[in-house]
Amino acid sequence: MPLSGSAREFSISVIRQLTEQGYTAYWAGGCVRDLLMNREPTDFDVATNATPQQVRQLFGHKRTLAVGESFGVIIVLGPKSVGQVEVATFRSEGEYHDGRRPSTVDYCDAERDALRRDFTINGMFFDPVSEEIRDYVGGQDDLRQRLVRAIGNPPERFTEDKLRLLRAVRFAALLNFELDAETAQAVQELASQIVVVSAERIAQELRKMLSHPQRAIALQLIRNLDLLPVLLPEVEQHVVRFSEERWDELCRRLAALGSADFPTAMAALLRHVPCPIDWNRKDAPPHGTVPDICRRLKLSNEERDRIAWLVSHAGQLNDVPTQSLASVKRLAAHPDFLALLQIERSDATVTGQQDTPFTWLDTFLQQTPSSEINPPELVTGRDLVQLGHQPGPAFRIWLEAIRDAQLNGTISTREDALDLLSTLVQQGPPPGS
Ligand code: ATP
Ligand code: MG
């Protein structure tokens, strides 16, 4: 097992304090799976037979937060550097009415708590003091066989909580496991039910899957299990129904992306979906476009802007060697330029496209300091007002012409800029202004 970190130590001390009072307490769920796989867990969740009230009593109200008390979850706050640990009371869940949340929660023992968990690999407990595994669901066998298997009856478990349909895909893809046959069959049969899960939760799963290097495997599973037409019908329409070659290429491009954040990977995924240039207009975006997908998934405006900028600039790097210096610098100054370069470069490796624009850009970026790519403006709108010009549409056109001249290197001082301005003013208002 990996060496201890401080979050790990803190969760062990929480478990010790609980057991010293006579309670049972274990590490539970994802952290046990990760430890048994020799991976460093993201967090060390604790499960216990102490009730939430008893947990709060033991650690004190000041050091605990009752965020999920109705579900039996108390957060115990650690020292600042350590963070916090979630302590959940062993519970079994009553019937599910809405496909998302149980109607009642009963406190119980570890074994019954294991049975409410989603997959066998996520259903184990570990006692860090005695170093014993408590496995009531065959999780160790499935870990060895690298299988994601629903605990209990798969169709029932997915019907209870439809988010599990996507969790199954995520664990299989990201851990590089197989889906057990009955589990896979149940996902496929219930795929259309994913629509009852909130957009936020679906988006959260997509973020985890797409920001991971195994994203192409996740996408392949999403398609094979019939989730694609429900989750991303636009990709089904513009990729799958377009041609099998386009689909294969998309999967290979997503894999070639390597490590990338969610907006970059999402942009690579949506490359063939139409994207209007004015994606951030106030009114509803056209149906079936990139900003429409972002709206449906309730992504943040920042995510939407990044994804839409990347999709709408797809393919533009090819023209870079023949463009004006000003156009290239404008593109290179964009905060997502490097993400665009990453997408285009991975596309090029897959499609076997020649790497002329990349060689050209690499040289350009090496030879051009950022102070030259995005230098301070020589003249601003405020200057124009001070010079007695009335604000109007001509302003933007003049300022852009001056900026172009600066970025192209034809002018370099404020005096040059003011000279150019007076020439532009003398030429009269630009046509159409
Ligand atoms: P990750 O590494 O993504 O955090 P995890 O296994 O820790 O993986 P969490 O979502 O943090 O997943 O949940 C912790 C544990 O709670 C899971 O391991 C599982 O036992 C249980 N669990 C979480 N979500 C569900 C669910 N929708 N249905 C049943 N059990 C669940
Ligand atoms: Mg977790």
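The paragraphs below lead through this predicted model, beginning with a sheet and ending with two buried aspartates.

A good place to begin is the open sheet, in which seven strands follow one another in the order β3-β4-β5-β2-β1-β8-β9 with mixed pairing. Its edges are formed by β3 and by β9 (132-134), each of which pairs on one side only. Averaged over the sheet, and with direction ignored, neighbouring strands are turned by 35 degrees against each other. Helix α1 (residues 6-20) packs on this sheet, where it touches β1, β2 (46-48), β4 and β5, and the direction of α1 makes about 150 degrees with that of β1.

Within the sheet, strand β4 (residues 73-77) deserves a closer look, since four of its five residues are buried and the strand is thus mostly covered. On one side, β4 runs antiparallel to strand β3 (residues 64-68), to which it is joined by three bridges, and here Ile 75 of β4 is the bridge partner of Leu 65. Five bridges join β4 to strand β5 (residues 84-89), again in the antiparallel sense, and in this pairing Ile 75 stands opposite Glu 86 of β5. Ile 75 therefore has a partner in β3, namely Leu 65, as well as one in β5, namely Glu 86. The connection from β4 to β5 is a hairpin with six residues between the strands, and in its turn Gly 83 has a positive phi of about 90 degrees. Further along the sheet, strand β1 (residues 25-28) pairs with strand β8 (residues 125-127) over two bridges, in the antiparallel sense, with Ala 28 as the bridge partner of Phe 125 in β8.

The nonpolar interior comes next. The largest nonpolar core has 107 residues, and those that touch the most other members are Trp 27, Leu 227, Met 266, Leu 269, Leu 270 and Ile 307. Helix α7 (residues 163-175) gives the most to this core, contributing 10 residues. For Leu 270, the contacts, leaving aside residues up to four places away in sequence, are with Val 235, Val 290, Ile 293, Ile 307 and Val 311. There is also a second, separate core of 12 residues, which includes Leu 378, Val 379, Phe 395 and Ile 402.

Helix packing can be followed at helix α14 (residues 262-269), which packs against helix α18 (residues 337-351) at an angle of about 45 degrees, with the axes 10 Å apart. Because this angle falls outside the ranges that count as roughly parallel, perpendicular or antiparallel, α14 is oblique to α18. The crossing of the two helices is right-handed, and their contact is made by Thr 264, Ala 267 and Ala 268 of α14 together with Ala 339, Gln 342 and Ile 343 of α18.

Two aspartates complete the tour. Asp 180 is found in the loop between β11 (178-179) and α8 (181-190), and it counts as buried because its relative accessibility of 11% is under the 20% cut-off. Apart from residues up to four places away in sequence, Asp 180 touches Leu 147, Val 148 and Arg 149. Asp 292, by contrast, has its place in helix α15 (residues 290-296); with a relative accessible area of 3%, Asp 292 is likewise buried. With residues up to four places away again not counted, Asp 292 touches Pro 285, Pro 286 and His 287, while Lys 282, 10 residues apart from Asp 292 in sequence, is 12 Å apart from it in space, C-alpha to C-alpha.

Notes
Residues numbered from 1 in each chain as written. Chains lettered and ligands numbered in written order. Predicted model: local features only at pLDDT ≥ 70, side-chain atom pairs only at ≥ 80, totals over all residues. Heavy atoms only, no water. Buried < 20%, exposed > 50% of the residue type's maximum accessible area, 1.4 Å probe, protein only. Contact = heavy atoms within 4.5 Å. Core = buried A, V, L, I, M, F, W, Y, C linked by side-chain atoms within 4.5 Å. Axes fitted to C-alpha atoms, helices over the stretch in contact; angles between N-to-C directions. Parallel < 35°, antiparallel > 145°, perpendicular 65-115°, else oblique. Left-handed = near helix turned anticlockwise from the far one by under 90°.
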